[in-house]
Amino acid sequence: MARDEQLKKHWDMLVAQLSNQFSDGDTLDLDSIIYLVGVQELGQLNRKFKKDEKVNLMHIAICRLLEPYGYYQFDFFDDDGWPHYTMVEELPSLKAGEQTVLMKEAVVTYFLEKEYIV
């Protein structure tokens, strides 16, 4: 199976599983899934987040998702348990579609590593 076909298969499976688990079957988009990764990485699952915290959760997720690609490196947890990352390498200039593919690939890899999908 070609790499793009495999990514699409895994992505569709992941979206279906997460949508059923977290949104009563309404289809989650990429941003919603990135947010869920941020909540997972923070580990504070049963609480409400303020608007600025939601933005920070998205940032945590993006850093964590792009860490295996060498763009970010985990630095430390602050006193409130929030992870902090250091940028190691600037992200390349990508077109919107290329950014989406990179993020979908990173999300799929993350959930494969967590054995949420197989």
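Which helix gives the most to the lining of the largest pocket? That would be α2, with 5 residues. Keep in mind for every view here that this is a predicted model.

**View 1. The largest pocket and the helices around it.**
Here we look into the largest pocket, which holds about 280 Å³ of space. Its lining adds up to 15 residues, and the ones nearest the centre are Phe-22, Leu-36, Val-39, Gln-40 and Leu-45. Three helices each supply at least two lining residues: α1 (3-22), α2 (30-42) and α4 (96-113). Sort the lining by class and you get 11 nonpolar, 2 polar and 2 charged residues.

**View 2. The second largest pocket and its lining.**
This one contains about 210 Å³ of space. Around it sit Leu-30, Asp-31, Ile-34, Ile-62, Leu-66, Tyr-72, Leu-91, Pro-92, Leu-94, Gln-99, Leu-102 and Met-103. Helices α2, α3 and α4 are the elements that put two or more residues into this lining. Class by class, the lining of the second largest pocket splits into 10 nonpolar residues, 1 polar and 1 charged.

**View 3. The largest nonpolar core.**
Now for the greasy part: the largest nonpolar core has 26 residues. If you want its best-connected members, pick out Trp-11, Ile-33, Leu-65, Val-107 and Phe-111, which have the most contacts inside this core. Two or more residues come from each of α1, α2, α3 and α4, and α4 gives the largest share, 7 residues.

**View 4. Phe-111 and its neighbours, plus a second core.**
Zoom in on Phe-111 and leave aside residues up to four places away in sequence: what does it touch? Its contacts are Leu-14, Leu-18, Ile-33, Val-37, Tyr-116 and Ile-117. There is also a second core, separate from the largest one and made of 6 residues, among them Leu-42, Leu-57, Ile-60 and Trp-82.

**View 5. Arg-64, a buried arginine in α3.**
Arg-64 belongs to helix α3, which covers residues 51-66. Is Arg-64 buried or exposed? Its relative accessibility is 13%, so Arg-64 counts as buried, the cut-off for buried being under 20%. Setting aside residues up to four places away in sequence, Arg-64 touches two glutamates, Glu-41 and Glu-113, and two tyrosines, Tyr-85 and Tyr-110.

Note on methods. Residues are numbered from 1 along each chain as its sequence is written. This is a predicted model: local features need pLDDT of at least 70, side-chain atom pairs count only at pLDDT 80 or more; totals for chains, interfaces and linings use all residues. Side-chain values use heavy atoms; hydrogens and water are left out. Helices (H or I, at least four residues) and strands (E, at least two) are DSSP runs, numbered from the N terminus. Buried means under 20% relative accessible area, exposed over 50%, partly exposed in between (1.4 Å probe, protein chains only). Contact means heavy atoms within 4.5 Å. On a 1 Å grid over the protein atoms alone, a cavity is a set of points where a 1.4 Å probe fits but cannot get out, and a pocket is an open set with protein on both sides within 12 Å along at least five of seven lines; lining residues have an atom within 4 Å of a point. Grid points are joined across faces, edges and corners, and a volume is the space filled by probe spheres set on the points. Ala, Val, Leu, Ile, Met, Phe, Trp, Tyr, Cys and Pro count as nonpolar, Asp, Glu, Lys and Arg as charged, and the others, Gly among them, as polar. A nonpolar core is a set of buried Ala, Val, Leu, Ile, Met, Phe, Trp, Tyr and Cys residues joined through side-chain atoms within 4.5 Å.
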